[in-house]
Amino acid sequence: MKPTEFVKVNSQFWGDHLRSVSEHLPTSHSRELPGPLVYPRLMVLTETPDWNILELVGVSREYRSLEVKRQKADSIDQYFGGAASASDAVVVLQDERVFKDATIATESARTALGDRFGGAESLIGAEVVGSGTKLLQFAPGNYSTFERVLLASTADSSVRLHWTFLAIAIHRSEPADKYRDYLQQLVSASNHLDPVGTFSVPRGEVEQRLKSDAFASTYLMHGLPDATAGEFLEQHEDILLSAFDATKLIREPYLEWRDGSPGADEVALTPDFILERADGSHIIGDLKLPLLETGTKGGKKRHRSYGAPVRDGSAKLAQYDEYFKSPENRTFAQAKYGVEVTDPRKLLVIGSQETVDPAEFEGAAQTNSFEIVDYDTILRLHLAAKF
């Protein structure tokens, strides 16, 4: 199937399916549903030399026509992560495989979920855990579907989490009509109260949260191109606090070097945030967003741009780690912001449609321990904490 056919089939099918669900199910079966349905916001269609990949991302409290984003990746491994051999994979995919409400993880990543992401426990679902370093091994003829699946992998002590609303990978040799039939069978086989491409949230606190404007704008492809990182964090503070079991968020702290170690041009570091967790530990992080930064020359704002997102982001996180190794710097931060930071976790937050090159991740992890989490995953962790 040519990429243009893949775009056409998916645009028509998922538009018709989700529109039909939104028009009928919430009214005709409202009392049977466990809670309000939420819908995806964006259809990401990725072309590799051998594979076509669909992923629905973003979360909306109401159905809106899906925006379409097309992109390319060098390989399916670049998209889903992992470059090890087939024998080293957690799951070797054959024929048609559907994973739903599940977690696919390496053993080290599964351990990290319990140790670092307590809120993830309610998302685990069916567990597929293996000793390999690669999560998925694809083969021609596969029709692989991941519906509400948490993918967790590691490189050294670094962790990558990605929650998939819905992802489907098929080999490019498969014809369009066969793929269309597969989609219809997938939708028809699902419980009519749990349609493919949606999920429901409990009534009550979470339902009320869905009605807030802040939640509606969380998906960063919509309405935030002119926001600063500080403005975004102020608007969505509760989401980060609950997702990481934190009690305090410091937005854009200005961390002056007090130990004389920086270069002449670097007076201070300004990470996007510091989270203080309930157990007293800390997470220091940066947002890779289509946002504007302040603090540049002349007071002008500029877009943050990472040529190599993981490598460059990891390098910045390593600087923050270095800063807090100094007693003088820790004393300054404690006096100014009231946090006693020692050995913080480092977090890079990326867009939900971003690919993470396995080689780039592994290379960065050799010199720095950090975590990569995308916005949909953070939002899902937040909702899970409120369930």
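**Aromatic contacts and internal cavities**

The charged end of Arg380 is placed over the ring of Phe199, at 4.5 Å from its centre. The model is a predicted one. A further arginine, Arg345, lies over the face of Phe117, and here the distance from the ring centre is 5.2 Å.

Contacts between aromatic rings were also examined. The count comes to 16 aromatic pairs. One of these pairs is formed by Phe117 and Phe244, with 6.2 Å centre to centre and 55 degrees between the planes. The angle of 55 degrees places the Phe117 and Phe244 pair in the tilted class, because this class takes the pairs that are neither under 30 degrees nor over 60 degrees. Phe117 belongs to the loop between helix H3 (107-116) and strand S7 (126-130), and Phe244 to the loop between helix H8 (237-243) and strand S12 (246-251); the pair therefore ties together parts that are 127 residues apart in sequence. Phe117 is buried, its relative accessible area being 1%. Phe244 is likewise buried, with a value of 2%. Phe117 thus takes part in the pair with Phe244 and has Arg345 over its face.

In the pair made by Tyr323 and Phe324, the ring centres are 5.0 Å apart and the planes stand at 80 degrees, so the arrangement is edge-to-face. For Tyr323 the relative accessible area is 0%, and the residue is buried. Phe324 is buried too, at 3%. Since buried means under 20% relative accessible area, the values of 0% for Tyr323 and 3% for Phe324 meet the cut-off. Aromatic residues are also grouped beyond single pairs: one cluster is formed by Trp51, Tyr79, Phe80, Phe99, Phe138 and Phe146.

Empty space inside the model was considered next. Rolling a probe the size of a water molecule over the atoms shows where such space is left. Over the whole structure, the search finds two cavities of 30 Å³ or more. The volume of the second largest cavity is about 40 Å³. Its lining consists of Lys288, Pro309, Val310, Leu348, Ile350, Glu354, Thr355 and Val356. Helix H9 (309-323) and strand S19 (345-350) are the elements that give two or more residues to this lining. Sorted by class, the residues lining the second largest cavity are five nonpolar, one polar and two charged. Lys288 and Glu354 are the charged residues of this lining, and Thr355 is the polar one.

Note on methods. Residues numbered from 1 in each chain as written. Predicted model: local features only at pLDDT ≥ 70, side-chain atom pairs only at ≥ 80, totals over all residues. Heavy atoms only, no water. Phe/Tyr/Trp six-rings, centres within 6.5 Å; stacked < 30°, edge-to-face > 60°. Helix = DSSP H or I, 4+ residues; strand = E, 2+ residues; numbered from the N terminus. Buried < 20%, exposed > 50% of the residue type's maximum accessible area, 1.4 Å probe, protein only. Lys NZ or Arg CZ within 6 Å of the ring centre and 35° of its normal. 1 Å grid on protein atoms, 1.4 Å probe; cavity = no way out; pocket = protein on both sides within 12 Å on 5 of 7 lines; lining within 4 Å. Points joined across faces, edges and corners; volume = space filled by probe spheres on them.
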